[in-house]
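Biologist: Mind walking me through this one? I'd like to hear the reasoning behind each label.

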Amino acid sequence: MRRSDRRAFLSGGVTLGVLGLLGCKLLESDPSATKDTVDTVAGGYPAVRKSIISAAAADDLRLYKKAVALLKDSKVWMAQATIHNNFCIHGNWFFLPWHRFYLMYFEEVCRNALRTAGESDAFSLPYWSWQDTDRRIPDLAWGDGNPLFDNTRSMGASDTFADAACGSGTIAGILQIKNFIDFGGGRASAQSPWGGSGQLESMPHNAVHNSIGGDMGHFMSPLDPLFWLHHANVDRIWAQWQAQHPDVIPSNPNAQDGDGKDANGVVLDAKFWLEFALYGFEDIKGVRFTQTVKDCLDTTKMLKPYTYDVLVPTALTPMSTVPPAAMLPPKLALQGALSGGEHAAPVDRIFVQSKNVGLIIKIDQASKIISANIVFSPELQTYLARLSSSPSFMGSFTLIVEHIPVPTDELAHRITLDFYANHPDLTPETDASDPHFLSCYSFFVHQHPGAPSEVSLRISLNQPLLKMRAAGGELRTAMLLQVLVKDRLLQTLPNLDFFSSMRFRLQYTES
Ligand SMILES: [Cu+2]
């Protein structure tokens, strides 16, 4: 597959042109990946990545600054950003694995630069935990002549990220999402007509890129040294989620997503996720590596093992392991649907999907709200009723918003979409602490040939539904979805009819 084809295939964009390649090319993998030569490092493996606000990170921050200065003086800094530009994957379930490998190789590139300059290579990439700070760009990244400064940023030193996207409450909520695909992303475009960004990507990840702007606002974003600290935090949240949900490794796409078949009716097997080949990574000698998803699921067993200083689970909603009530027969039993070894599909599960469940009923230009009526099918209503009544509820409700058109570059950097349900009095001042809040979305896409013209995102409804119920607004048959379109620069918004192509899909999964 040519690089551009593969990019279009993975990006979540238009799929028709590449569907034909699926059968053969999706399964390609490169057996040439081998370990590079440096197997020891002064600090020892696994390296421990620390928060930039912890005192223990002082040495790593000093070394990071030094490494960035060294790399910027060589061609390596630009080369690393170019890897991202050419190979990065966003908008689907390869987003987290691809970036995990990318950071691991970069961390080693930093160590090598330090070693070559006669410095200690006892370095771990620190992480910038925006949810635990004041949500400003940290002071360490400002100042002319500071290697960690990037003068293209559109965000100032006192500006803050939206609490809805990056606040501690939002992250705690994301960590409670039960299935990987709502957390980390669904199938790539050619694997399925219903993938979409997971909430870790679409909320804090995109918002930090988008708000900082400048280099961070496009796919050469690794030019801004904040990129690596930001992505280390995204990776840490994934590691945290893995620690909290040890049983929910999507060892096979079937375990999590859809009816177990791709857009062409081909039954998905482990090669569609677990053994999918990810490209583009370079070792310290610039040698290209290919890796498969399964090789990054445990960070302490990766090529260059690492872990995080803190992976403390936040309090979880109690979940029972009691099987679902027998009165609700499985809609889809994938028993034995797949062949093959240790990563074979789980057995019984329920998957109910309704597409075109919503109709946009009002586009209010003055209040900047697009309203849609989302209707739960009778089948979904049965499960909805059970969510409210059963403490051992095991299922996941997901709203997928599809065909969101990507605005022009300039607009995409200003606009955010905030999603609410059944709000009686929604205003631009309403925020994420409101019980009617569902999710928010910032664009992080760039205009290049083959870039998607539309995006889709997944919104886990479990917690919002329970919150709404607690606030006295239990849902039974339908909900009013409200999309509040915000312009960060408070300028006049374009005509909201631009977004009228949005479509809505509901999924219920239980496994
Ligand atoms: Cu990113």
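Modeller: Sure, let's go through the metal site, the salt bridges, the sheet and the helix packing. Keep in mind that this is a predicted model.

Biologist: What makes H205, H209 and H231 donors of the copper ion?

Modeller: Distance and atom type. A donor is an N, O or S atom within 2.8 Å of the metal. The NE2 atoms of H205, H209 and H231 lie 1.9 to 2.1 Å from the copper ion, so they count as donors. Along the chain, the spacing reads H-x3-H-x21-H. H209 sits in helix α10 (residues 199-212) and H231 in helix α11 (residues 226-244), so this pair ties together parts 22 residues apart in sequence. Both H209 and H231 are buried, too.

Biologist: Why is the contact between R153 and D224 called a salt bridge?

Modeller: The cut-off is 4 Å between a side-chain nitrogen of Lys or Arg and a carboxyl oxygen of Asp or Glu. For R153 and D224 the N to O distance is 2.8 Å, so the pair qualifies. R153 is in the loop between α6 (95-116) and α7 (163-166), while D224 is in the loop between α10 and α11, 71 residues apart.

Biologist: How do you know that R153 is buried?

Modeller: Buried means under 20% relative accessible area. R153 has 10%, so it falls on the buried side. D224, its partner, is buried as well, at 0%.

Biologist: What about D182 and R458, what makes them a salt bridge?

Modeller: Their closest N and O atoms are 2.8 Å apart, and the limit is 4 Å, so that's a salt bridge. D182 belongs to helix α9 (residues 180-184) and R458 to strand β12 (residues 454-460), so the pair ties together parts that are 276 residues apart in sequence. D182 is buried at 0% relative accessible area, and R458 counts as buried at 0% too.

Biologist: Why are K362 and D364 called partly exposed?

Modeller: Partly exposed is what falls between the 20% limit for buried and the 50% limit for exposed. K362 comes out at 48% and D364 at 22%, so both land in between. Their side chains meet in a salt bridge at 4.0 Å, N to O.

Biologist: How many salt bridges does the structure hold?

Modeller: It holds 21. There is also a network of salt bridges linking R49, R100, E107, E108, R111 and D235.

Biologist: Now the sheet. What makes β7 and β11 edge strands?

Modeller: Each of them pairs on one side only. The open sheet has five strands in the order β7-β8-β13-β10-β11, with antiparallel pairing.

Biologist: How do you know that β8 and β13 pair?

Modeller: Pairing takes at least two bridges. Strand β8 (residues 369-375) and strand β13 (residues 478-487) are joined by seven, so they pair. I374 stands opposite M479 in β13. As for what lies over the sheet, α10 lies across β10 (415-421) and β11, at about 50° to β11.

Biologist: Last one: why is α5 called roughly antiparallel to α6?

Modeller: Angles over 145 degrees earn that label. Helix α5 (residues 76-87) and α6 pack at about 170°, with axes 12 Å apart, so α5 is roughly antiparallel to α6. Residues making the contact include W77, I83 and F87 of α5 and W98, Y102 and F106 of α6.

How values were computed:
Residues numbered from 1 in each chain as written. Predicted model: local features only at pLDDT ≥ 70, side-chain atom pairs only at ≥ 80, totals over all residues. Heavy atoms only, no water. Donors = N, O, S within 2.8 Å, 3.2 Å for Na, K, Ca; no water. Helix = DSSP H or I, 4+ residues; strand = E, 2+ residues; numbered from the N terminus. Buried < 20%, exposed > 50% of the residue type's maximum accessible area, 1.4 Å probe, protein only. Contact = heavy atoms within 4.5 Å. Axes fitted to C-alpha atoms, helices over the stretch in contact; angles between N-to-C directions. Parallel < 35°, antiparallel > 145°, perpendicular 65-115°, else oblique.
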